[in-house]
Amino acid sequence: MAGQSDPQLNLFSAEEVEFVAEDEMLEIVPNMRMDSLHLICGDYGPFYPQIATEVPLWLAIALKKRGKCAIRTPEWMSVEKLTQILEAERDSQGSFQILPFHYVEISKLLFDHARDDVPDMYLVRSLIEDIRDVRFHKVETSLESIDTRTSAVKIKDLSAMEVNIVRPFVVRALQAIYKHGNPELVPDQDRITNMQTQGHEHGQRRPLRRR
Amino acid sequence: MYGRKACQLVTELASGEKGQLTHFNSDLFEQVISECQQHHLELQSLIRKVQEEGLDLQTTKNEDHFGALIHHLALVRNKRCLMAYVHNRAETIRSLIWKLLGSMIPPEIQEKLSNSEEEYFKKHSARLKEYMSKLELDLTVDMVPPKDPYIQVRVLDDIGEGIVLSDDKTANFALHSIHFLKRTDAEQYISRGLMEELRG
Amino acid sequence: MASNLGGASISQTDDFETFTPTTDVEPLKRAWRNEKAAPEILPYEASLVGRIKEQIQAMEDSIEEYSRSGIDPLIVSLYQMDLDRIQFLLRSYIRSRLQKIEKYMLYILKSDELFRRLSKEEITFTDRCRHDMKKHFDESVLSKLPNNYQDVLKQSITSEEDDMVPEPPLDTFVVCKSKEYLEHIQLEDEEERASSRIEEPFEMEANVLHIIRYRPIKSLVESGRIDLL
């Protein structure tokens with residue numbers, strides 16, 4: 001559709017990425033006795049006071065809101081662990097510090113709905129932001145090396161949310177490279193649905209700089 | 001200049017706001033159509049000329065041949081533009097249908113559609129409804145991921161006691177009290193500024 | 001690759017790789033993601049959809065029963081949330097397919113491969129939609145054009161092939177991941193290889209995200225060896 005952004009580029013909304021993250025498992029500590037929950041997505045419980053058990057994140061938050069439990073912050077979300085990770089990220093060129101794929105979404109949900117269960121919340125939050133920054137810059141650097149011979153890109157250490165954000169930029173760049181390299185090979189499906197060339201995208205920050 | 005009007009049509013499409021329809025430009029549309037008729041007439045007469053001169057249609061490459069070719073190409077280009085116009089509008093119509101399914105066409109949209117488009121709107125809506133009822137699945141809801149139906153609120157103004165909620169619980173909405181209730185119950189108070197939603 | 005950080009085993013990979021899927025939610029989530037991310041319509045997951053619908057129905061009945069039998073509404077709402085989540089996935093999955101059909105119906109009807117991927121109801125839908133659309137084009141444009149130019153698929157009768165059919169953009173780039181190490185992926189077509197862009201076939205490490213062109217990995221996505229994100 002003329003003027004409309006390519007649906008291939010705006011695939012998943014932020015809410016949808018968060019939705020997927022909400023299925024990640026984490027530990028809760030119930031504060032009362034509760035019967036098992038036989039959900040479509042699995043069976044959880046029975047729940048005993050002070051006995052930790054694993055449930056999906058969305059359920060953990062819902063139970064907490066209903067006053068049934070406290071959430072045990074995942075071990076990677078401690079000041080100590082995150083500081084280690086941040087330092088290692090800053091020192092190393094590559095990235096081998098492992099955080100869950102959904103670390104950004106998980107931490108955001110816990111900050112929003114269970115902040116009293118996160119020790120040193122402000123510090124933890126700022127450490128995570130710093131880690132994101134360092135990693136994002138590493139990704140930017142590797143994206144800059146995309147050139148006319150690039151036909152694939154590897155992404156490491158981005159959270160799901162960041163993949164979602166970076167996707168349109170990288171896809172467009174790779175698409176442009178592919179098209180320019182192979183004008184005959186690109187099927188001209190644009191003939192009918194798009195009588196004019198794609199306009200230049202809005203001035204968002206592009207992690208890609210052309211040489 | 002050949003193709004200018006068709007170009008105008010397409011430009012109109014491109015300059016419109018995303019997802020919005022402009023008035024179906026029947027004037028311009030008809031003009032492009034009659035241009036096509038013109039081209040066809042010219043094309044035919046040039047071909048006849050070649051035939052009358054006793055030349056072989058397939059192999060003759062004189063100015064009449066090329067003249068005919070130009071008319072043919074102009075015609076085809078016009079056709080593509082016309083089709084693109086209708087096609088892209090149809091896409092927008094379909095996206096509107098997804099948003100409006102179940103309701104009637106709002107008048108402000110109806111006036112922008114051609115007769116044929118209005119027919120298409122109704123027909124396609126019916127197709128979708130047909131499909132949904134076969135699957136017994138309403139596809140017009142759940143457009144965004146679901147959230148907890150319950151929210152936490154703080155009462156900003158003395159609302160009263162003994163208020164019965166949709167889950168059959170009773171609540172006393174005293175000033176500054178905090179409650180956990182269904183969003184649907186709270187909405188009427190929130191929208192009137194009597195309650196606020198709490199986060200964290 | 002799973003990393004055990006303290007008590008919870010949170011892995012770098014998708015959760016369903018670390019514990020065996022015993023519910024249909026994970027396969028549905030996967031089908032939903034792939035369908036949303038793929039440029040062309042994927043094979044219909046008929047039995048999965050069938051089972052999910054049954055489970056939805058059963059859960060709706062249960063919830064009604066729980067409400068009636070006086071179980072704490074706060075607990076019932078948990079079941080409701082679980083139900084809402086799976087309904088969202090199912091609806092979004094089906095919607096995504098329908099929207100692709102709407103967009104590429106002419107092409108799908110022409111392609112045996114894609115046509116075979118439709119459910120029975122989708123076939124009916126596609127057929128009827130095409131009928132509506134053709135009628136619309138005929139009335140708006142085609143019947144007003146000179147003979148020889150009235151075809152909806154071809155620009156004119158001199159066209160050698162159907163040159164007015166929008167095709168799904170298989171050359172678009174997608175984010176994807178393989179569960180296992182994959183070697184010998186040909187990223188280029190015959191002609192490209194001849195003009196020597198890349199010499200060796202591409203390889204994909206397991207569980208690492210890649211952004212590649214869809215066309216070369218098409219069959220791997222269809223066979224479930226590569227997932228789209």
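Trainee: Over how many bridges do strand E1 (residues 150-155) of chain B and strand E4 (residues 178-182) of chain B pair?
Mentor: This is a predicted model, in which local features need pLDDT of at least 70, side-chain atom pairs count only at pLDDT 80 or more, and totals for chains, interfaces and linings use all residues. Residues are numbered from 1 along each chain as its sequence is written, while chains are lettered from A and ligands numbered from 1 in the order in which they are written. Strands (E, at least two residues) and helices (H or I, at least four) are DSSP runs numbered from the N terminus, and two strands pair if DSSP finds at least two bridges between them. E1(B) and E4(B) pair in the antiparallel sense, and the number of bridges is five.

Trainee: Which residue in E4(B) stands opposite Gln152(B)?
Mentor: One bridge partnership between these strands joins Arg154(B) to Ile178(B) in E4(B). For Gln152(B), the residue opposite in E4(B) is Phe180(B).

Trainee: How many bridges join E1(B) to strand E5 (residues 195-198) of chain B?
Mentor: E1(B) and E5(B) run antiparallel. Val155(B) stands opposite Met195(B) in E5(B). The bridges that join E1(B) to E5(B) number four.

Trainee: Which strands of the chain B sheet stand at the edges?
Mentor: The open sheet has three strands in the order E4-E1-E5, with antiparallel pairing. Each edge strand has a single partner, so one side of each is left without a neighbour in the sheet. The edge strands of chain B are E4 and E5.

Trainee: By what angle are neighbouring strands of this sheet turned against each other on average?
Mentor: Axes are lines fitted to C-alpha atoms (for helices over the stretch in contact), and angles run from 0 to 180 degrees between N-to-C directions. For the sheet E4-E1-E5 of chain B, the average turn, direction ignored, is 45°.

Trainee: What order do the strands take in the four-strand sheet?
Mentor: This sheet is open and its pairing is antiparallel. Strand E6 (152-155) of chain A and strand E5 (226-228) of chain C stand at the edges, each with a single partner strand, so one side of each is left without a neighbour in the sheet. Neighbouring strands are turned by 35° against each other on average, direction ignored. The order is E6(A)-E4(C)-E1(C)-E5(C).

Trainee: Which helix of chain C packs on the sheet, touching E1 and E5 of chain C?
Mentor: Strand E1 (residues 173-178) of chain C is joined to E5(C) by three bridges, and the two run antiparallel. Cys176(C) stands opposite Leu228(C) in E5(C). The helix, whose direction makes about 70° with that of E5(C), covers residues 25-37 and is H1 of chain C.

Trainee: Is the crossing of H3(C) and H5(C) left-handed or right-handed?
Mentor: Helix H3 (residues 73-110) and helix H5 (residues 120-140) of chain C have axes that come within 9 Å and cross at roughly 65°. That makes H3(C) roughly perpendicular to H5(C) (under 35 degrees is roughly parallel, over 145 roughly antiparallel, 65 to 115 roughly perpendicular, the rest oblique). A crossing is left-handed if the near helix is turned anticlockwise from the far one by less than a right angle, and right-handed if clockwise. H3(C) passes H5(C) in a crossing that is right-handed.

Trainee: How many charged residues are in the contact of H3(C) with H5(C)?
Mentor: Residues are in contact if their C-beta atoms, placed from the backbone, lie within 7 Å; among them are Arg97(C) and Glu102(C) in H3(C), and Glu122(C) and Arg130(C) in H5(C). Ala, Val, Leu, Ile, Met, Phe, Trp, Tyr, Cys and Pro count as nonpolar, Asp, Glu, Lys and Arg as charged, and the others, Gly among them, as polar. The contact has eight nonpolar residues and one polar residue. The charged residues number four.

Trainee: At about what angle do helix H1 (residues 4-15) and helix H2 (residues 26-52) of chain B pack?
Mentor: Their axes are 9 Å apart, and the crossing of H1(B) and H2(B) is left-handed. The contact includes Ala6(B) and Leu9(B) of H1(B), and Leu28(B) and Val32(B) of H2(B). The angle is about 145°.

Trainee: What distance separates the centres of domain 1 and domain 2 of chain B, taken over C-alpha atoms?
Mentor: The bounds are 4-135 for domain 1 and 150-198 for domain 2 of chain B, and such bounds come from an automatic or database domain assignment. The separation of the two centres in chain B is 55 Å.

Technical notes. Two residues are in contact if their C-beta atoms, placed from the backbone, lie within 7 Å.
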